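Here is a guided walk through one protein chain, written for someone meeting structures like this early on. Keep the 3D view open and look for each residue as it comes up.

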Amino acid sequence: MRKLFGFFTVLVVLCFPEAALAQQPIRVNCGGPSYPDSRGQVWQADYGFSGGTAGSKSASIAGIPDPQLDQTSRVNNTSAIPLVYTFPVANGSYHVNLHFAEISSRFEQVGARVFNVKIQGTVVFKNLDIYATAGANLALIEGADIPVNSGSLNIEFENLVGYAKVDAIEILPLASSAPLLPLRFVYPDGTPVAGTLAYTISSSLVSFNGSVPLSNGQASCVLITSPSALGINAQFQVSLNLTDTAGRTLWRLTMGMNPAEVNLGAIQTSSLNVVIQKL
C-alpha cells in the first residue's frame with residue numbers, strides 16, 4: 001500500500017502542461033565561459049543578458065557535482081539598469097533551474113543579499129536570501145515550471161538588499177512525447193471541482209513549485225518519467241494542495257520520496273480520479 005501511495009504521489013507532482021515540440025535545452029554559465037559538465041552537457045558562455053557585471057571567484061563549493069558553475073556569476077550591481085536574461089524559445093512549458101552559491105564574505109550573513117526573481121514578469125522567488133537558505137559555499141538550485149506564450153522567456157533579478165546575482169541558468173523544455181496523465185477531481189455527486197492543483201517539490205539542493213488549473217474538474221498533464229531530469233537526485237519532499245475558486249483547501253498531501261525508487265519509463269498512459277468531499 002505504501003509503495004502504491006508513493007507511486008501515486010509521483011504521478012501527480014511530476015506532471016506539467018503540454019510542452020514545446022522542438023525547443024532544445026538552454027544552459028548558460030552566467031558570467032563565465034563555455035563549460036562541459038560532468039554529465040557531458042555543455043553550458044554556453046554567458047549570453048542573453050542585459051545589465052549586470054560578470055564576476056568570478058575561486059571557492060570550494062559543496063552540494064553540486066560541478067562547482068565550477070558557481071564560481072562565476074552575473075551580478076546586478078546597479079539599480080539604474082536591471083539585470084534581465086531573455087531567451088527566444090518556442091511557445092510551450094518549461095522547467096527553469098537557477099543556480100546560486102554565496103561565496104562572497106561580504107554577503108555571508110542573513111539579510112546581506114536579498115532579491116526577487118521575476119520570470120515572465122511574475123515574482124517567482126520572493127525575498128531570496130542565498131546565505132539564509134543554504135549558508136556559505138554551498139550550492140543552491142531554485143526551480144519553477146513556466147508557461148511561455150510570447151516566443152521568449154524572460155528572467156529578471158531585482159535588488160532589494162545588496163546586489164542580486166545568478167551563477168547559472170538551465171531551461172528545460174517539457175517534452176510533449178512523454179506519457180499523459182489526465183487528473184479528474186469530482187464531488188460525490190459527480191460534479192467537477194473548480195479550482196487549482198498546486199505543488200511544491202524540495203530537496204537539499206533543489207526546490208520548485210507550480211500549479212495546474214482545473215478545467216471541468218480535469219487537468220491534462222505530461223509525466224516527467226525521471227526525477228533526475230529536473231535535477232532531483234536526492235531524497236525530496238512533495239506537497240500537494242488543491243484549492244477551490246474561493247481559495248479554500250479541498251485536499252492536501254505531503255510526503256517524502258526517494259528518486260532511486262521512482263521509475264516511470266514504462267508508463268504509456270494513465271489516469272487518476274479523486275472524489276472530493278464538499279465543504
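## A facing pair and a three-stranded sheet

G55 stands opposite S73 in strand β7. The model you are looking at is predicted, so it helps to start with a small detail that you can find by eye. To see where this pair belongs, look at the two strands around it: β6 and β7, the latter covering residues 72-76, pair in the antiparallel sense over 4 bridges.

These two strands are part of an open sheet of 3 strands, in the order β6-β7-β14, with antiparallel pairing. At its edges are β6 (53-56) and β14 (164-166), each of which pairs on one side only. From one strand to the next, the twist averages 35 degrees.

## A five-stranded sheet

Now turn to another open sheet, made of 5 strands in the order β5-β8-β13-β10-β11, again with antiparallel pairing. Which strands stand at the edges? They are β5 (49-50) and β11; each has a single partner strand, so one side of each is left without a neighbour in the sheet.

Strand β10 is a good place to pause. On one side, 6 bridges join β10 to strand β13 (residues 152-161), and the two run antiparallel. Here I119 stands opposite I155 in β13. Strand β10 (residues 114-119) is also joined by 4 bridges to β11 (residues 122-128), once more antiparallel. In that pairing, K118 stands opposite V123 in β11.

## Two residues with positive phi

Between β10 and β11 there is a hairpin with 2 residues between the strands. Q120 sits in this loop, and its phi is near 55 degrees, a positive value in a residue other than glycine. How exposed is Q120? Its relative accessible area is 26%, so Q120 counts as partly exposed.

N127 also has a phi near 55 degrees, a positive value in a residue other than glycine. The place of N127 is in strand β11. N127 is partly exposed because its relative accessibility is 45%.

## The nonpolar cores

In soluble globular proteins, nonpolar side chains tend to be buried together. With that in mind, look for the largest nonpolar core, which has 29 residues. Which of its members touch the most others? They are I155, F157 and I169.

You have already met I155, which faces I119 across the pairing of β10 and β13. Leaving aside neighbours within four places in sequence, I155 is in contact with L83, V84, Y85, V96, L98, V117, K118, I119 and I169. There is also a second, separate core of 19 residues, which includes Y187, A219, W251 and I276.

## Two buried residues to find

Is N97 buried or exposed? N97 lies in strand β9 (residues 92-100), and because its relative accessibility is 2%, under the 20% cut-off, it counts as buried. The side chain of N97 makes a polar contact with the side chain of H95, at 2.9 Å.

L140 lies in strand β12 (residues 140-148). With a relative accessible area of 6%, L140 is buried too. Try finding D167 from there: L140 and D167 are 27 residues apart along the chain, and their C-alpha atoms are separated by 9.9 Å.

## The whole chain, and how sure the predictor is

Now zoom out. How many helices and strands are there? The chain has 2 helices and 22 strands. Of its 279 residues, 49% are buried. Among contacts with a separation of 6 or more, 73% are between residues 24 or more positions apart.

The predictor's confidence varies along the chain. The mean pLDDT is 80, and 76% of the residues reach 70 or more. Among the elements, helix α1 (residues 2-13) has the lowest mean pLDDT, 40, while β14, an edge strand of the three-stranded sheet, has the highest, 97. Over residues 1-21 pLDDT stays under 50, and the model has 68 contacts beyond four places in sequence for that stretch.

Definitions and conventions. Residues are numbered from 1 along each chain as its sequence is written. Side-chain values use heavy atoms; hydrogens and water are left out. Buried means under 20% relative accessible area, exposed over 50%, partly exposed in between (1.4 Å probe, protein chains only). A polar contact is a pair of N or O atoms within 3.5 Å; within protein, one must be able to donate a hydrogen and the other to accept it, and residues adjacent in sequence count only if both atoms are side-chain atoms. Two strands pair if DSSP finds at least two bridges between them. Axes are lines fitted to C-alpha atoms, for helices over the stretch in contact, and angles run from 0 to 180 degrees between N-to-C directions. A nonpolar core is a set of buried Ala, Val, Leu, Ile, Met, Phe, Trp, Tyr and Cys residues joined through side-chain atoms within 4.5 Å. Contact means heavy atoms within 4.5 Å. pLDDT is the predictor's confidence in each residue, from 0 to 100.
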